[in-house]
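Hi there,

Here is the structure I promised to pass on to you. Have a look at it first, and then read my notes underneath.

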Amino acid sequence: MTDTVKIMAILTARPGRLADLRALLGGMVAASRDEPGNLRYDLWVDQTTPERFVLDELYVDRAAVEAHRASAHFQNYLARINALADRSALTLDPIAVA
C-alpha cells in the first residue's frame, strides 16, 4: 500500500464569474506542480458544461497535502474561491491503483 493521496475537486462557476474562476484555477497549476510533494496537478473542463472544472491532484503523502494547503497560492485560492464557484472535493486514499 502506498501513502499517496489523491484529491478530486469539482468547481462550478457562479453566474458571471467564469473568466475569474478559470484565471484563478489556471494560476494554481504551475505553482502546485512545483511543490516537492506534488505528483500531479491537472485542470480539466467539462465538455458539456464549460463552467464546470475538475482538479485532479496527487501527492506523495498527507504531509505534502498539508504543505500544499499551507502554501501562499492555496491560501489565495481559499480567500477567493467561495465568491467564484460552488465546489466539492474528495480526498482519497489508494486501494488498487496502477
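Below are my notes on a pocket, a helix and four single residues.

Please keep in mind that this is a predicted model.

Let me start with the pocket, since you may want to look there first. The largest pocket has a volume of about 220 Å³. Its lining is made up of 15 residues, and Glu57, Phe74, Tyr77, Arg87 and Ala89 are the ones that lie nearest the centre. Two or more lining residues come from each of β1 (5-13), β3 (52-59), α2 (62-70), α3 (72-84) and β4 (85-92). Which element gives the most to this lining? That is β4, with four residues. Sorted by class, the lining of the largest pocket holds nine nonpolar, three polar and three charged residues.

Next comes α3, one of the elements that line the pocket. This helix has 13 residues and reaches 18 Å from its first C-alpha to its last, close to the 18 Å expected at 1.5 Å a residue. There is a bend in α3 all the same, of about 30° at Leu78. The buried residues of this helix are His73, Phe74, Tyr77, Ile81 and Leu84. They pack against β1, α1 (18-33), α2 and β4. Two of these buried residues, Phe74 and Tyr77, also appear among those nearest the centre of the largest pocket.

Now for the single residues, beginning with His68, which sits in helix α2. Is His68 buried or exposed? It counts as buried, because its relative accessibility is 1% and the cut-off for buried is under 20%. Leaving aside neighbours within four places in sequence, His68 is in contact with Met28, Ser32, Glu35, Tyr41, Glu57, Tyr59, His73 and Phe74. Among these partners, Glu57 and Phe74 are also listed with the residues nearest the pocket centre.

Glu35, a partner of His68, is found in the loop between α1 and β2 (38-45). With a relative accessible area of 12%, Glu35 is buried. Beyond its neighbours within four places in sequence, Glu35 is in contact with Tyr59, His68, Ser71 and His73. As a distance to check, the C-alpha atoms of Glu35 and Asp61 are separated by 12 Å, and these two residues are 26 apart along the chain.

Ala85 belongs to strand β4. Its relative accessible area is 1%, so Ala85 is buried. Setting aside neighbours within four places in sequence, Ala85 is in contact with Leu11, Thr12, Ala13, Arg14 and Leu21. Ala85 and Asp20 are 65 residues apart along the chain, while their C-alpha atoms are separated by 9.7 Å.

The last residue is Glu51, in the loop between β2 and β3. Why does Glu51 count as partly exposed? Its relative accessibility is 31%, and partly exposed covers the range between the 20% and 50% cut-offs. Outside its neighbours within four places in sequence, Glu51 is in contact with Leu11, Thr12, Ala13, Leu18 and Leu21. Leu11, Thr12, Ala13 and Leu21 are on the contact list of Ala85 as well. From Glu51 to Lys6, 45 residues apart along the chain, the C-alpha separation is 23 Å.

Enjoy exploring it, and write back whenever you like.

Best wishes

Definitions and conventions: Residues numbered from 1 in each chain as written. Predicted model: local features only at pLDDT ≥ 70, side-chain atom pairs only at ≥ 80, totals over all residues. Heavy atoms only, no water. 1 Å grid on protein atoms, 1.4 Å probe; cavity = no way out; pocket = protein on both sides within 12 Å on 5 of 7 lines; lining within 4 Å. Points joined across faces, edges and corners; volume = space filled by probe spheres on them. Nonpolar A, V, L, I, M, F, W, Y, C, P; charged D, E, K, R; others polar. Expected span 1.5 Å × (residues − 1). Bend = angle between axes of the 7 residues up to and from the residue. Buried < 20%, exposed > 50% of the residue type's maximum accessible area, 1.4 Å probe, protein only. Contact = heavy atoms within 4.5 Å.
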